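Reader: I have a model open and would like the reasoning behind some of its labels. Please set each value against its rule.

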Amino acid sequence: MPHYFAALLVVLLMGTVLGRVLLLKRSGIRAMHFGRLDKSDFAIPPVALFYFYTIFAVAFGWPVLTSERFFHSAAVAWIGVACCAIAIVILVLSLVSFGRSFRVGIDVDRPGGLVTSGIFAVSRNPIYVAFFLFMVGQLLVFPNWVPLVYLFAATWLFHRQVLREEDFMRQHYGQQFVDYCRRVRRYV
């Protein structure tokens, strides 16, 4: 049963982000800037699709690369579902705090204002924290080498993107961003 909830939460996570992008688009804001500055980012979607397929395949009994598990524990799987649900709450709080400033990727033309309130008063990068927690939760539900490899790769990619975004924000917002960095930690 936790497998079904975990798969449903993947859909909810992606739907939340894509829904926000579409709502912003309807109000005239282009929120999708993924891959604009670094063309290597376009390698991420096919890799992500393989990950999503793996999660759904294990949950629904489709063919998978490997069905080997590190352990079998319903309690740990439910803890993983809880981690995923908490991650979605953090994501939603982030999107609410972001308001019209939300972007996927770096918007060099119309970046919006610097958001430092709401959940951004606790973490400078709550969306990445949410994605990391979500992937940890998925690993607890699907304890297999594929989610483990993806967790390590995603952690590296998230950190790489955070550093790129922070460089841009330091240049764009100047002292305001430097002061914000002094008050609020990068992650938690």
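Author: The model is predicted. In the nonpolar surface patch, α1 gives the most, with four residues.

Reader: Which residues make the nonpolar patch, and what is its area?

Author: Met1, Tyr4, Phe5, Leu8, Val11, Tyr53, Phe60, Trp62 and Trp78 make the patch, which covers about 930 Å². Helices α1 (2-26) and α2 (44-60) each supply at least two of its residues.

Reader: Why is Leu8 called exposed?

Author: Leu8 is placed in helix α1. The label exposed requires over 50% relative accessible area. Leu8 has 53% relative accessibility, and therefore counts as exposed.

Reader: What makes Leu8 eligible for a nonpolar patch?

Author: A patch residue needs over 30% relative accessible area and no salt bridge, and Leu is one of the nonpolar side chains that qualify. The 53% of Leu8 is the value to set against that cut-off, and Leu8 is listed in the patch.

Reader: Why does Leu151 count as buried?

Author: Leu151 belongs to helix α5, residues 145-173. Buried means under 20% relative accessible area. At 10% relative accessibility, Leu151 therefore counts as buried. Of the 188 residues of the protein, 41% count as buried.

Reader: How far is Leu151 from Asp41?

Author: Their C-alpha atoms are separated by 17 Å, while the two residues are 110 residues apart along the chain.

Reader: What makes a pair of rings count, and which residues form a cluster through such pairs?

Author: Ring centres must lie within 6.5 Å, with the six-membered ring used for Trp. By this rule there are 14 aromatic pairs. Ring pairs join Tyr4, Tyr53, Phe56, Phe60 and Trp62 into a cluster.

Reader: Why does the radius of gyration agree with a compact globule?

Author: The globule rule is 2.2 Å times the number of residues to the power 0.38. For 188 residues this gives a radius near 16 Å, and the protein has 17 Å, so the value agrees. Along the principal axes, the C-alpha atoms fill a box of roughly 50 × 30 × 30 Å.

Reader: How many helices and strands are there?

Author: The protein has six helices and zero strands, in the order α-α-α-α-α-α along the sequence.

Reader: Which residues does UniProt list under "transmembrane region"?

Author: The unreviewed UniProt entry lists residues 6-23, 43-64 and 70-93. In the model, residues 43-64 are 77% helix and 0% strand, with end C-alpha atoms 21 Å apart. Residues 70-93 are 83% helix and 0% strand, and their end C-alpha atoms lie 33 Å apart.

How values were computed: Residues numbered from 1 in each chain as written. Predicted model: local features only at pLDDT ≥ 70, side-chain atom pairs only at ≥ 80, totals over all residues. Heavy atoms only, no water. UniProt positions renumbered as here; feature names shortened; annotations may be inferred. Patch = residues over 30% accessible without salt bridge, like charges linked within 9 Å, V, L, I, M, F, W, Y side chains within 5 Å. Areas by Shrake-Rupley, 256 points an atom, 1.4 Å probe, with all protein chains shown as cover. Salt bridge = Lys/Arg side-chain N within 4 Å of Asp/Glu carboxyl O. Buried < 20%, exposed > 50% of the residue type's maximum accessible area, 1.4 Å probe, protein only. Phe/Tyr/Trp six-rings, centres within 6.5 Å; stacked < 30°, edge-to-face > 60°.
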